[in-house]
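User: I would like to go through this model by question and answer. Please keep it brisk and give cut-offs as they come up.

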Amino acid sequence: LPFRQTGAQVRAIAEISDDMSSQSPMRRMLQGDVGSGKTAVAMLAMADAVEAGGQAVLMAPTEILARQHYATIRKMAEAAGIDVAVLTARAKGRERTEILERIANGEAQIVIGTHALFQESVVYNNLTLAVVDEQHRFGVHQRLRLTAKGTAPHMLVMTATPIPRTLVLAAFGDMDVSKLTEKPA
């Protein structure tokens, strides 16, 4: 990474890595203020999924946010030899066909996009991690449609909204929580 991680990021990455190495699928929420480094933590989790031979997706609620994530993550991922694609409703015709082929054959190891990620025409080679940014902007059925694209993939949801643990359990079921309580320098 082109920066030093905070202690909270290191802890969150370790918690996520431990979850992803277990036998059952991870269900974890990553909470942190805007600018606390959630995207960097998600990038490292996605890199773990790719290193283990799988694919990862990051779903954002808007095309603008998806393209911002793509621009940020692509630089770090490509430096590590990881192929990243972006898929939104804007992709049409030949461009869309090429992106869908790269996803289906596993060439696109990390896919960043919007609701387009869980459409029927999208077939993943080996989806092992689904990351949902601003999770409160998506419904339960939308998150389930995304995870249904893989065989019991890990799920990491990110939010800047502080949610007490009891509400997380009530609203999302059995979900662990990692908190980014520091901001990078």
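The turns below go from the whole chain to single residues.

User: What kind of model is this, and which pLDDT do local features need?

Analyst: Residues are numbered from 1 along each chain as its sequence is written, and side-chain values use heavy atoms, with hydrogens and water left out. This is a predicted model in which totals for chains, interfaces and linings use all residues, side-chain atom pairs count only at pLDDT 80 or more, and local features need pLDDT of at least 70.

User: How many helices and strands does the chain have?

Analyst: Helices (H or I, at least four residues) and strands (E, at least two) are DSSP runs, numbered from the N terminus. From that end, the elements run α-β-α-β-α-β-α-β-β-α-β-α-β. The secondary structure comes to six helices and seven strands.

User: What share of the 185 residues counts as buried?

Analyst: Buried means under 20% relative accessible area, exposed over 50%, and partly exposed in between (1.4 Å probe, protein chains only). A contact is a pair of heavy atoms within 4.5 Å. Of the contacts with a separation of 6 or more, 75% come from residues 24 or more positions apart. The buried share of the 185 residues is 48%.

User: Why is S2 largely enclosed by the rest of the structure?

Analyst: In a regular strand the side chains alternate between the two faces of the sheet. Here both faces of S2 are covered, with Gln55, Val57 and Met59 on one side and Ala56 and Leu58 on the other. S2 is largely enclosed because its buried residues number five of five.

User: Which residue of S5 is the bridge partner of Leu58?

Analyst: Two strands pair if DSSP finds at least two bridges between them. S2 and S5 (residues 127–132) pair in the parallel sense over five bridges. Within S5, Leu58 has as its bridge partner Val131.

User: And which residue of S4 is the bridge partner of Met59?

Analyst: S2 also pairs with S4 in the parallel sense, over four bridges. On the S4 side, the partner of Met59 is Gly113.

User: Which backbone oxygen lies 2.8 Å from a polar atom of the Gln55 side chain?

Analyst: Gln55 lies in S2 (residues 55–59) and counts as buried because its relative accessibility is 2%. A polar contact is a pair of N or O atoms within 3.5 Å; within protein, one must be able to donate a hydrogen and the other to accept it, and residues adjacent in sequence count only if both atoms are side-chain atoms. The Gln55 side chain reaches the backbone oxygen of Ile103 at 2.9 Å. The backbone oxygen at 2.8 Å is that of Ala108.

User: Where do the buried residues of H4 fall, seen down its axis?

Analyst: H4 (residues 93–104) has twelve residues and spans 17 Å from its first C-alpha to its last, close to the 16 Å expected at 1.5 Å a residue, that expectation being 1.5 Å times one less than the number of residues. Its buried residues are Arg96, Ile99, Leu100 and Ile103. The arc is taken from the directions from the helix axis to the C-beta atoms. The buried residues line one face of the helix, because they fall within an arc of 100°.

User: Which strands are included in what covers those buried residues of H4?

Analyst: Cover is a matter of contact with the buried residues of H4. The cover includes S2, S3 (84–87) and S4 (110–113).

User: What is the closest N to O distance in the salt bridge of Arg94 with Glu98?

Analyst: A salt bridge is a side-chain nitrogen of Lys or Arg within 4 Å of a carboxyl oxygen of Asp or Glu. Arg94 and Glu98 both lie in H4, four residues apart, about one turn of the helix. Arg94 counts as exposed because its relative accessibility is 68%, while Glu98 is partly exposed at 42%. Their closest N and O atoms are 3.9 Å apart.

User: Are Asp19 and Arg28, which meet in a salt bridge, buried or exposed?

Analyst: The structure holds eight salt bridges. In one of them, the side chains of Asp19 and Arg28 meet at 2.7 Å, N to O. Glu15, Asp19 and Arg28 are linked in a network of salt bridges. Both Asp19 and Arg28 are buried.

User: Which residue meets Glu107 in a salt bridge?

Analyst: Glu107 is partly exposed at 41% relative accessibility. The N to O distance in its salt bridge is 3.4 Å, and the partner is Arg102.

User: What is the phi of Ala152?

Analyst: Ala152 is found in the loop between H5 (140–147) and S6 (154–159). Ala152 is not a glycine, yet its phi is positive, about 50°.
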